[in-house]
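Hi everyone, thanks for having me. Let me put the structure up, and then we'll walk through it together.

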Amino acid sequence: MIYPKKYDVIVIGGGHAGCEAALISARLGVKTLMLTIFLDSIGAMSCNPAIGGLAKGHLVKEVDVFGGEMARNIDETGLQFKILNKSKGPAVWSSRAQADMTAYKLRMKYVLEHQNNLDIKQEMVDEIVAENGKVIGVKTHLGNEYLCDSVVVTTGTFMKGKIFIGLNEYRAGRAWEPPSDKLSDSLRSLGLRVSRLKTGTTPRLDARTIDFDALMVQPGDDEPVPFSFKTTKFNRPNMPCYLAYTNETTHKIILQNLDQSPLYSGMVESVGPRYCPSIEDKVVKFFEKKQHQIFLEPQDENSSEIYADGLHTSLGYEVQLKFLRSMKGLEKVEIMRPGYAIEYDFVDPTQLKHTLEVKSIRGLFLAGQINGTSGYEEAASQGIIAGINAAFYIQKREPFIVNRDEAYTGVLIDDLVTKGTKEPYRMFTSRAEYRLILREDNTHLRLAKKAYSAGLMSKEQYLLIDEQKKKIEETINKLKTTYVFPNERVNKKLLELGSEIIKTKTDLAKLMRRTEFNYDKLREIAIDLEDVESFIKQEVEIDLKYEGYLNLQKQQIEKFKKYEDMRIPEGFDYSLVGGLSNEVKGKLMEIRPASIGQAGRIPGVTPAAIAILVVYLKKINDKRIRNTA
C-alpha cells in the first residue's frame, strides 16, 4: 500500500548515524520516520563496547553541541571514563568511555521512542523512489511505499552484507541479523557508484573462564569527566579493563592456519581498515613483533561477556579458541561469540556535497559507513549533519556546513567528499591541520555560536557557555595586567615552587607560561588572585601557555578562509579554462568542488592548476561586475 501519512524526512537505519539523523530532524520540527530492520537493535554497538577514543572523542562532543544524543547517552550508561594522552599536549587529549552495551542501546531506543515528530517502524527498505532527480519516497520489503521529500540513508554494514568465520560464509548485515540485499541495487539504478569494503570484530569471551589475577588492571580516571557539556550530575562506576598479550606461540598458531583465513584464502577481496587490522594482519605484517596488546573490556555491567579489543579475526572457530588459550590468563577461556569479518557495499562519497546530500539527487542524504567510514563516532557526526540538512532542505533554509577549520566533523566530511576513500576511513588528530584550536576541551566554546544561530542549541545553554567564554577572557586579561615584584617573599615562594626567581616586575601571565606553573600555583604568588572553577583554570592555562602557537594557527586559518570564500559557480564548465591538463579537468569535473580551497585539496590538482583557475574565475567575475554596472 501507499502509506496514508506523508513524512518530511525518512531515515533508513537505526544505528549511530540513523539515531542522530532521526532525532535532530524531529527536534528541528519536521515529521520524521525511522525505518529499521530490527527495532531491538536500535543504537546497538556492533563492535567494541566503547565511545570516544583518539580524535573520536572530539566528534562525540561536536555531535553534543549540535543537538545530538551520543554524549548524553554514554554519560548515562558508561562503565569507565578516561582521558587519553593526558600526559601529552591538549591538542591530542581525547575522552573515551567503556559502555554498558545493553543499557546504551536501551536508553537510545527510549529517547527515540519519546521524541516528538518521530515515528519508528520495523521494515526493510528495498528501494528509494526518485522522479526528475528528486526523492519522493521509499518502498519496503513488505511492499509498502512511504512518501516523503527527503531521505537519509544510514545502512551501516547491511547493504549486501556477507559474514566470514574461517571458510564459512553467510549473508548478514551484522551477526545473526539479515542483510539488505536490494537497496544498493536501487542506489546503483539511481546512478551512484557503489563498491565493497570489509571490517571485522573480535571474539567475545566468558569472564568466568579468565584468570584476571594474571593480567594487568587498567582502571579509568579517578575524577572522570563527562562527554556532554549538558551533564551536571555525574557519578558513574569505574569498572576495570585488563591488559593481556599475545606471544610467539599465539603467532605461530595463527601463521600455521592462514589457509583458514578468508582474508588470505582469497574469499574476501575488498579492502579492510588499515588502522584497525585483524590479528592475522598484525602477525603477518609486523612479523618482528613478539607480542601485541589485547584489552579485555566488559560489555555489560550485568553480563559475563568480555570484548577482546585488538583481536579482530575471521579465522575459524577452532583456531580462535586455540590461539586465545595460548595467552597468559586465557588458558581456560571459553568463546561466547566468535570473531568474524564482514564485507558490505558502500557509496563513493565524492558524489556528495558537504551537506552529505547526493549531488545528482535532490533530497537524498547519506551518512555513516555507507560513505566509507568506520566507527560509531564518525557515523554519529555524519548522521547529525545529514539530519540537520535534511530538515533544513524541507524548511528551505540555508545548508548547514561545518568547515575543516571549525571542527573535526568538518575535517571528516571534507576528506570524504573531496578525496574519497579506498578503505574504511577513521578519524585521527593528525588529519586536522588546526588541531591546537580544534581541541576536545573547548568544543562547546568554539561551536556554541554556530549551533545557536542554526537553532540547534537553546538560548539558555548558549548564554551559559557565553558566560564561560567571558570569564576565561576576563581571567586572562586579569593575569596580563596583574604584576608581582622581585621582593623576598615572591622569590622565596618561586624557589619553593621549583621555579626561577624574577629580577624585574613581571605579569602573572608571563609566570603562567612557565612549564611548571598552573593557576593554583599563581594564587600562592598572588594571594589576592580569585579562585575560579577548574574548567576556567584549565582553559586559561592552555590559552596562555600555547598563545604563540594558537595565534599562528589563527593566521593560517585566515589564509585558509581566503580560498574557501572563493566560490566556484555550480555547474561550472572546466573545459573552458585554458592551461588545465585533461587529467586535472577530469578530477574537477568529477568532484565538482564548491570553492578554490576545496579544489586545492583534490589529489592530483596542482598549485599551478589552482593559480590558473583563480585567474580565470577573477576574469569572469570582473566581467560580470562590469556588465552589471
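**Domains, cysteines and a surface patch**

So, the chain splits into domain 1 (7–197 + 346–453), domain 2 (204–343), domain 3 (459–554) and domain 4 (566–628), with bounds from an automatic or database domain assignment. Between the centres of domain 2 and domain 4, taken over C-alpha atoms, there are 48 Å.

Quick note: this is a predicted model, where local features need pLDDT of at least 70 and side-chain atom pairs count only at pLDDT 80 or more, while totals for chains, interfaces and linings use all residues. Residues are numbered from 1 along each chain as its sequence is written, and side-chain values use heavy atoms, with hydrogens and water left out.

Now, cysteines. A disulfide here is a pair of cysteine sulfur atoms within 2.5 Å, and by that rule the count is zero. Why is C19 not bonded to C47? The closest cysteine sulfur to that of C19 is the one in C47, and at 17 Å that is too far for a bond. C148 is in no disulfide either: its nearest cysteine sulfur, that of C19, is 19 Å away.

Is C19 buried or exposed? C19 counts as buried because its relative accessibility is 1%; buried means under 20% relative accessible area, exposed over 50%, and partly exposed in between (1.4 Å probe, protein chains only). C148 counts as buried too, at 1% relative accessibility.

Last stop: L255. This residue sits in helix α6 (residues 248–256), a helix being a DSSP run of H or I with at least four residues, numbered from the N terminus. At 32% relative accessibility, L255 counts as partly exposed.

Conventions
Helices (H or I, at least four residues) and strands (E, at least two) are DSSP runs, numbered from the N terminus.
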